[in-house]
Amino acid sequence: MRWPTRILLAVFAVVTGGIFGIAGTIAHAFRWGVLPVGLILALLGCAALLIGLRLLIESRWITWIAGLALLGAVLLFSGTGPGGSVVVPQAAEGEFPIGVVWTYAATGVVLLIGAWPDVSRFRTLTPVSQSGAEDESPETRRIDA
């Protein structure tokens with residue numbers, strides 16, 4: 001892959017990771033009754049982005065760049081803003097700390113998907129018969145006349 005392509009992919013990864021991090025940070029607190037729908041959808045969206053990047057682009061670094069941008073957006077928007085507003089408030093005494101769960105779960109998703117091994121490099125194992133010879137599929141058998 002050439003350098004201009006790598007740079008464009010890195011910029012794309014930073015922008016998309018940041019957008020998903022911002023959207024997840026804003027939406028994670030939405031609940032439907034007791035079900036944390038916002039948290040579930042935010043984690044699924046972030047995981048889908050990172051898995052898609054991992055599957056489409058051969059370099060693992062693009063996934064890491066998007067994941068770090070995602071976590072940077074979570075960190076940036078989890079603090080107190082310049083006007084004193086807080087997007088992720090601290091949980092009240094006895095309340096479930098959904099903001100803390102979002103922060104750790106997003107980090108776990110980034111680490112899990114970024115560190116997942118490349119399974120396309122594993123070679124396919126062929127079964128061995130009891131005689132010790134490899135079983136051949138019908139397509140690979142040679143016919144000797």
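Helices and strands here are DSSP runs, at least four residues long for a helix and at least two for a strand, numbered from the N terminus. With that in hand, welcome to the tour! Keep in mind that you are looking at a predicted model.

**Stop 1: the whole chain**

Colour the protein chain by secondary structure. You should find 4 helices and 0 strands, and reading along the sequence gives the pattern α-α-α-α. Next, show the surface. The chain exposes about 10,500 Å², with carbon and sulfur atoms supplying 68% of that area. Of the 145 residues, 27% are buried. How far apart in sequence are the residues that touch? Among contacts between residues at least 6 apart in sequence, 74% join residues at least 24 apart.

**Stop 2: the core**

Now hide the surface and select Leu50, Leu53, Ile62, Leu70, Trp102 and Val109. These are the residues with the most contacts inside the largest nonpolar core, which has 22 residues. Two or more residues of this core come from each of helix H1 (3-27), helix H2 (37-56), helix H3 (60-78) and helix H4 (98-115). Which helix gives the most? That is H2, with 8 residues. As general background, nonpolar side chains in soluble globular proteins tend to be buried together.

Stay with Leu70 for a moment and show what surrounds this residue. Leaving aside residues up to four places away in sequence, Leu70 touches Gly17, Gly18, Phe20, Gly21, Cys46, Ala106 and Val110.

**Stop 3: helix H2**

Select residues 37-56, which form H2. At 1.5 Å a residue, the 20 residues of this helix should span 28 Å, and the end C-alpha atoms are indeed 28 Å apart. Several residues of H2 are buried, among them Val37, Ala42, Cys46, Leu50 and Arg54. What covers the buried residues of H2? The cover includes H1, H3 and H4.

**Stop 4: helix H4**

Move on to residues 98-115, helix H4. This helix has 18 residues and reaches 25 Å from its first C-alpha to its last, close to the 26 Å expected at 1.5 Å a residue. Highlight Ile98, Gly99, Trp102, Ala106, Val109, Val110, Ile113 and Gly114, which are buried. Why do they lie on the same side of H4? They cover an arc of only 130 degrees around the axis, so they share one side of the helix. Turn H4 around, and the face away from the buried side carries the exposed residues Tyr104, Leu112 and Ala115. The cover over the buried residues of H4 includes H1, H2 and H3.

**Stop 5: two loop residues**

Finish in the loops. Select His28, which is placed in the loop between H1 and H2. Is this residue buried or exposed? His28 has a relative accessible area of 2%, and because buried means under 20%, His28 counts as buried. Beyond residues up to four places away in sequence, His28 touches Gly38, Leu39, Val88, Ile98, Gly99 and Trp102.

One of those partners is Val88, so click there next. Val88 lies in the loop between H3 and H4. At 12% relative accessibility, Val88 counts as buried. Setting aside residues up to four places away in sequence, Val88 touches Thr25, His28, Phe77, Ser78 and Gly99. To end, draw a distance line between the C-alpha atoms of Val88 and Phe77: these residues are 11 residues apart along the chain, and the two atoms are separated by 7.5 Å.

How values were computed:
Residues are numbered from 1 along each chain as its sequence is written. This is a predicted model: local features need pLDDT of at least 70, side-chain atom pairs count only at pLDDT 80 or more; totals for chains, interfaces and linings use all residues. Side-chain values use heavy atoms; hydrogens and water are left out. A nonpolar core is a set of buried Ala, Val, Leu, Ile, Met, Phe, Trp, Tyr and Cys residues joined through side-chain atoms within 4.5 Å. Buried means under 20% relative accessible area, exposed over 50%, partly exposed in between (1.4 Å probe, protein chains only). Contact means heavy atoms within 4.5 Å. Accessible areas come from the Shrake-Rupley method with a 1.4 Å probe; for residues, only the protein chains shown count as cover. The expected span of a helix is 1.5 Å times one less than its number of residues. The arc is that of the directions from the helix axis to the C-beta atoms.
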